[in-house]
Amino acid sequence: FSEAVASGLASCQALGLEYIDLMLIHTPHGGKLVEAYDALLELQAMGVVRSIGVSNFDVQHLEALEYYGRPPPTVNQIEMHPLLYLQRKDLVVRCRSWGVQVESFCPLLRGAAEFIGYGTLPAMAARIGRTPAQLLLRWGLQRGFTVLPKSCHEERQLENTKLFDFELLPAELDELEQMQGFRGQQELMLYPDALTASVDVGRVTARAFSKAGSGS
């Protein structure tokens, strides 16, 4: 707890900011979920962090926060794209029931050539008159996700903003979720699945002891 609070303070100072808009627990691996979350709550109470969130949390990790009476995070950032949507739909539903916004990293499949260049995605892009990247990002927006594309190329950054003058039909959303790539490939997970990490809550009274010790 104390180490996490100190790290948050140091991060804000290093950035030269009065506060950080959003700070996340990066992964449930390593455990101490509630203890680390309490550190974020403490930083929020201090005004160092405005909103707090988590990353790579599955239902069981979020349920641990709920069980110990913690407020839900603002955001759960997970790998999300059409090839993982059906697999993680239950998590998405649960997040929305708690008021947690799902933030999608790797929405562009990290440019995976076996899907960007083959099969369903380029065929649909040619049919609609958009790029594969625009289809993936538009899919994410229509499914209600906050999408986080990354590119160091100015022309692609501009391309990624041109998403609001077209809309995918329901059948096209479904088609993307069943899409095939090179030689019919239909599966892609770009990062190890941290959602399967065990639940270790750590010291659930660490924040209370800290306040008692400070006399607050």
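This is a chat about the cysteines, strand 3, the cavity and the pockets of a predicted model.

User: Let's start with cysteines. How many disulfides turn up in the whole structure?

Analyst: Zero, and that's from a search of the whole structure. Take C95: the nearest cysteine sulfur belongs to C106 and is 17 Å away.

User: And why is C106 not bonded to C152?

Analyst: Because the two sulfurs are 15 Å apart, which is too far for a bond. C152 holds the closest cysteine sulfur to that of C106.

User: Are those cysteines buried or exposed? I mean C95 and C106.

Analyst: C95 counts as buried because its relative accessibility is 0%. C106 is buried too, with a relative accessible area of 11%.

User: OK, switching to strand 3. How much of strand 3 is buried?

Analyst: Strand 3 covers residues 75-79, and five of its five residues are buried.

User: Which way do the residues of strand 3 point?

Analyst: V75, Q77 and E79 point one way, while N76 and I78 point the other way. Both sets are buried.

User: What does strand 3 pair with on the strand 2 side, and in which sense?

Analyst: Strand 2, residues 49-55, pairs with strand 3 in the parallel sense, over three bridges. If you want a spot to look at, G53 stands opposite V75. Between the two strands the chain goes through helix 3 (residues 59-67), and that β-α-β crossover is right-handed.

User: How many bridges join strand 3 to strand 4?

Analyst: Five, and those two strands also run parallel, with strand 4 being residues 101-105. There, N76 sits opposite V102.

User: Now D90. Where is it, and is it buried or exposed?

Analyst: D90 is in helix 5, which spans residues 89-97. It counts as exposed because its relative accessibility is 62%.

User: How far is D90 from V59?

Analyst: Their C-alpha atoms are separated by 8.4 Å, though the two residues are 31 apart along the chain.

User: Different topic: how many cavities of 30 Å³ or more are there?

Analyst: One. The largest cavity holds about 40 Å³ of space.

User: Which residues line the largest cavity?

Analyst: The lining is N56, E79, R88, F105, Y191, P192, D193, A194 and L195. E79 is one you've met already, as one of the buried residues of strand 3. By class, the cavity lining has five nonpolar, one polar and three charged residues.

User: And pockets? What volume does the largest pocket have?

Analyst: About 550 Å³. It is lined by 19 residues, and L108, R110, G111, K150 and S151 lie nearest its centre. Helix 8 (132-142) and helix 9 (154-161) are the elements that give two or more residues to that lining.

User: Which element gives the most to the lining of the largest pocket?

Analyst: Helix 9, with three residues. The classes in that lining are eleven nonpolar, four polar and four charged.

User: What about the second largest pocket, what's its volume?

Analyst: That one is about 270 Å³. Of its 17 lining residues, E3, A4, S7, A36 and A39 are the closest to its centre.

User: Which elements each supply at least two residues of that lining?

Analyst: Helix 1 (2-15), strand 1 (20-25) and helix 2 (33-45). The largest share comes from helix 1, with six residues. The lining of the second largest pocket divides into eleven nonpolar, three polar and three charged residues.

Key
Residues numbered from 1 in each chain as written. Predicted model: local features only at pLDDT ≥ 70, side-chain atom pairs only at ≥ 80, totals over all residues. Heavy atoms only, no water. Disulfide = S-S within 2.5 Å. Buried < 20%, exposed > 50% of the residue type's maximum accessible area, 1.4 Å probe, protein only. 1 Å grid on protein atoms, 1.4 Å probe; cavity = no way out; pocket = protein on both sides within 12 Å on 5 of 7 lines; lining within 4 Å. Points joined across faces, edges and corners; volume = space filled by probe spheres on them. Nonpolar A, V, L, I, M, F, W, Y, C, P; charged D, E, K, R; others polar. Helix = DSSP H or I, 4+ residues; strand = E, 2+ residues; numbered from the N terminus. Pairing = 2+ DSSP bridges. Right-handed = clockwise from strand over helix to strand, strands pointing away.
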